[in-house]
Amino acid sequence: MEEDGFLRRAIALSAEAAARPGSEPFGAVVVRDGQVVGEGFNRSRDRLDPTSHGETEAIRDACRRLGTLDLSGCVLFSSCEPCALCVAAMEIAGIARVVYAASLADSARVLARVPAGLRRGGDVAALRREAGAPIGQGRMPARRALVAEAVAVLEAWAAAPA
């Protein structure tokens, strides 16, 4: 299958999600060596999970199917440009690159017509800026405490045999 075929599958998943209560129209697939190894669509409302985006669901599915946290060399195909949360998840998993259809501007324009009670809004550009900033420098206040206790747990785990 060529790249457009994988992207069409992501779009088909977004259409499937659009038809399901509790889902939103965002779908994604993870591909390794020309084979789909993970699929997902947004289930945030259904699962009461704000991280259940199409991309994160596809990454979770791929990790389970492959039995690894390392998705190096995989390509993620998404029906819409990934948000900062999804980009971070892709980076952590080692996704090599992303191919997407609708831009964030496209989705913001179209979804502006959806009643506020049905869709959570947000300034995606601000989220992207803040996601890379040190904690406490963005809109979310932060307080650091009990450092020695937390570091002791990390040191014990790091010293344990694998």
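Where is the place of valine 147? You will find valine 147 in helix 7 (residues 147–159), and the last legend returns to it. This is a predicted model, in which local features need pLDDT of at least 70, side-chain atom pairs count only at pLDDT 80 or more, and totals for chains, interfaces and linings use all residues. Residues are numbered from 1 along each chain as its sequence is written, and side-chain values use heavy atoms, leaving out hydrogens and water.

**View 1. Helix 3 and its neighbours.** Helix 3 has 13 residues and reaches 18 Å from first C-alpha to last, close to the 18 Å expected at 1.5 Å a residue (1.5 Å times one less than the number of residues). Helices are DSSP runs of H or I with at least four residues, strands are runs of E with at least two, and both are numbered from the N terminus. The buried residues of helix 3, including Gly54, Ile59 and Cys63, pack against strand 1 (27–32), strand 2 (35–41), helix 2 (44–47), strand 3 (75–80) and helix 4 (84–93). Just after helix 3, glycine 67 takes a positive phi of about 70°.

**View 2. Glutamate 55 in helix 3.** Glutamate 55 belongs to helix 3 (residues 54–66) and counts as buried because its relative accessibility is 5% (buried is under 20% relative accessible area, exposed over 50%, partly exposed in between, with a 1.4 Å probe and protein chains only). Leaving aside residues up to four places away in sequence, glutamate 55 touches Ala28, Leu76, Ser78, Cys80, Glu81, Pro82 and Cys86 (contact means heavy atoms within 4.5 Å).

**View 3. Valine 147 in helix 7.** Valine 147 counts as partly exposed, because its relative accessibility is 32%.
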